[in-house]
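Thank you all for coming; I would like to take a few minutes to walk through one structure that may be new to most of you. Please have a look at the sequence and the model before I go on.

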Amino acid sequence: MSRITLCREIEVPDALQTARFQKAPELGPRLLFFSGGTALRGLSRRLVDFTHNSAHILTPFDSGGSSAKIRKAFQMPAIGDVRARLMDLADTTLRGNHEVVALFAHRFPADGRRLEDQLLRMAQGRHPLVSCIPDPMRKIIRNHLATFLEQMPADFDLRGASIGNLVLTAGYLTNRRLFDPVIYIFSRLIQARGEVRPVVNKHLHLGARLADGRLVLGQHLLTGKECPPLDSPIQELFLSSSLDAEQRVEAPIRTKMRELIASADLVCYAPGSFYSSLVATILPQGVGKAVARARGPKVYVPSTGTDPEALGLDLGGQVEVLLRHLRRDDPRRLKHADVLQFVLLDSKNGEYRGRLDAAALARRGVRVLDLPLVTAGSAPRLDPTLLAQALLSLA
């Protein structure tokens, strides 16, 4: 990719500016991220050194792996990305939190046997991963695992199951099938240095219509991880109430979510799988209007490298798809700059597909910031520290 026209009006903070944030991260800015899964883990863990007020809006539409088993058994949204991000934000310097993170990250082996006995030992507090956790957290986790055992269907397959997902599922079921209470409880217990929310609390799935006319239902069929990569570009992404047939639905975000988005000091459309991670989080109705209400900058940080979901899309095409979805709440009134103001990239060291017409974007109020974001040690991925510093400079 050739060097993109620069916009250097805003510089990356120097060491003294960065130190200012690190001295009082509890007073740091509210950076809000639309992101899905693992691509933002490094940044999330680095960001807590600068601010404890970040907000993470995640997709609950995962339909693969162990999440698929839980969703099918209990007819619920996916909890895995929420669990992972909570653990990334946990204060592991506090007594017991390191052990909680280890438990929540533990998965039963894919070829394991007598897994229900292991889960029972955990619920009884006799498993080493649980017995090392101090009270009251140990009692809370044991109660949740016991609840899961009580609610678990007789034919439920525990192979590959994430213990953290089982704990949070039990909390969801015992709190009137609401995510907010269980997320709040565990956020407080682990002293999460940021806020985590699924964009909607609904049992829905991703659907896609491909350029060749085929219909694909299910997030797991889009990513190229559990199934072969798509061989035709995604033409349209939508929400479906079923995995078996195309049953399109609109899912408006709640007032709480609108207020959370609108309160952001900076909105970041973060790196990750383009459709199933990023676009999926802005699909629900009302996201675009809420973003437009936020006074801070709105920034797109494209992923580097190859994304199987972005087949047929160059960097400019990704920006256009993002803008189209963000403005669909009210395309006549919402201007491009209301929902996107900066595209942040590193054209020298990053790997991007195609070119980006910075001049054309500037005419619509969207500026390209070409900054060092990739290091020799992080390549081809973005360096978490450099990305955090760049975002903080904008906020």
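How many bridges join β4 to strand β5, residues 215-217, and do the two run parallel or antiparallel? There are three bridges between β4 and β5, and the two strands run antiparallel. I should say early on that what you see is a predicted model, and please keep that in mind throughout.

Let me stay with this pair of strands for a moment. Within it, R209 has L215 of β5 as its bridge partner, and the two strands together make a hairpin in which four residues lie between them. In the turn of that hairpin sits G213, whose phi is positive, at about 95 degrees.

Strand β4 itself covers residues 205-210, and five of its six residues are buried, so that the strand is mostly covered. β4 also pairs with strand β6, residues 234-240, again in the antiparallel sense, and here the pairing extends over six bridges. As one example from this pairing, L210 stands opposite I234 in β6.

Now I would like to turn to a pocket. The second largest pocket holds about 300 Å³ of space, and its lining is made up of 23 residues, with G305, T306, D307, A310 and Q318 lying nearest the centre. The elements that contribute two or more residues to this lining are α12, residues 274-282, and α14, residues 315-326. As for the character of the lining, 14 of its residues are nonpolar, seven are polar and two are charged.

Definitions and conventions. Residues numbered from 1 in each chain as written. Predicted model: local features only at pLDDT ≥ 70, side-chain atom pairs only at ≥ 80, totals over all residues. Heavy atoms only, no water. 1 Å grid on protein atoms, 1.4 Å probe; cavity = no way out; pocket = protein on both sides within 12 Å on 5 of 7 lines; lining within 4 Å. Points joined across faces, edges and corners; volume = space filled by probe spheres on them. Nonpolar A, V, L, I, M, F, W, Y, C, P; charged D, E, K, R; others polar. Buried < 20%, exposed > 50% of the residue type's maximum accessible area, 1.4 Å probe, protein only. Pairing = 2+ DSSP bridges.
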